[in-house]
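These questions and answers are for someone meeting the structure for the first time. They deal with strand pairing and then with charged side chains.

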Amino acid sequence: MKSTTRGTLAAVITGVAAAVGAAATPAAAANTVPVAVPLTGAEQALGTELPEVGGEIPLPAASTPETPRFVTGRLMPERTVPQVPVNGGLPGLGARAPLAHVLGHGFDHVGVAAPAVPLRTLAPGLSMDAPLTAPNPAGSQLPELKQPEIGILAPVLRTDPAAALTAGPGR
């Protein structure tokens, strides 16, 4: 085979492998890592049906904090220590276990599905102002004393968890 033919063939195989690899990893686009618990070996060794367990672990990502906002009449910005947003998710769980016909005929499996859900948080922040008033630009007055102001910006947690419990026949 000529070297140009080999190079072309290698380029085509590399392109196909990259396309298949990109199509096979949708979890990377969803920012979760699938986790499977392999129990098939133990199931075969014990000769019995074991539960099927798997899940998803989200990957947290920090975002850009809000910039401080300067307000007229204050010496310090409104949010001195800004709240940092961190986006991620709650882990997901999928489990299916055999039952010994506890719920009656036709109900020999029970399953729990709790998918990974997005989680948005804001770290605590701090807003404060100096114990001085702003200088008067019209005159030559010095700043006056005032009560210091300090406020803690509470952390925020936003999510919408869900889960489903199922019971039914078969594997």
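Q: In the open sheet of five strands, what is the order of the strands?
A: The model is a predicted one. In its open sheet of five strands, the pairing is antiparallel. The strand order is 1-2-5-6-11.

Q: Which strands are the edge strands, each pairing on one side only?
A: An open sheet with the order 1-2-5-6-11 begins with strand 1 and ends with strand 11. Each of these two pairs on one side only. The edge strands are therefore strand 1 (32–37) and strand 11 (164–168).

Q: What does the twist average from one strand to the next?
A: The sheet in question is the open one of five antiparallel strands. From one strand to the next, its twist averages 10°.

Q: Over how many bridges do strand 1 and strand 2 pair?
A: Strand 2 covers residues 52–58, and its pairing with strand 1 is antiparallel. Ala36 stands opposite Gly54 in strand 2. The number of bridges between strand 1 and strand 2 is six.

Q: How many salt bridges does the structure hold?
A: Side chains of opposite charge can pair when their charged atoms come close. A salt bridge needs a side-chain nitrogen of Lys or Arg within 4 Å of a carboxyl oxygen of Asp or Glu. Glu66 and Arg79 form one, with the closest N and O atoms 3.6 Å apart. The total for the structure is five.

Q: How many residues apart in sequence are the parts that Glu66 and Arg79 tie together?
A: Glu66 forms a salt bridge with Arg79. Both residues lie in the loop between strand 3 (61–62) and strand 4 (85–90), so the parts they tie together are apart in sequence by 13 residues.

Q: Which residues are joined with Glu66 into one network by salt bridges that share partners?
A: Glu66 is partly exposed, with a relative accessible area of 42%, and its partner Arg79 is partly exposed at 22%. Salt bridges that share partners join Glu66 to Arg69, Glu78 and Arg79.

Q: Is Asp129, the salt-bridge partner of Lys146, buried or exposed?
A: The closest N and O atoms of Lys146 and Asp129 are 2.8 Å apart. Lys146 lies in the loop between strand 8 (125–129) and strand 9 (149–153) and Asp129 in strand 8, so the pair ties together parts 17 residues apart in sequence. Lys146 is partly exposed at 25% relative accessibility. Asp129 has 4%, and counts as buried.

Q: Which residue forms a salt bridge with Glu149?
A: Glu149 is partly exposed, its relative accessible area being 39%. The closest N and O atoms of the pair are 3.8 Å apart, and the partner is Lys146.

Notes:
Residues numbered from 1 in each chain as written. Predicted model: local features only at pLDDT ≥ 70, side-chain atom pairs only at ≥ 80, totals over all residues. Heavy atoms only, no water. Helix = DSSP H or I, 4+ residues; strand = E, 2+ residues; numbered from the N terminus. Buried < 20%, exposed > 50% of the residue type's maximum accessible area, 1.4 Å probe, protein only. Axes fitted to C-alpha atoms, helices over the stretch in contact; angles between N-to-C directions.
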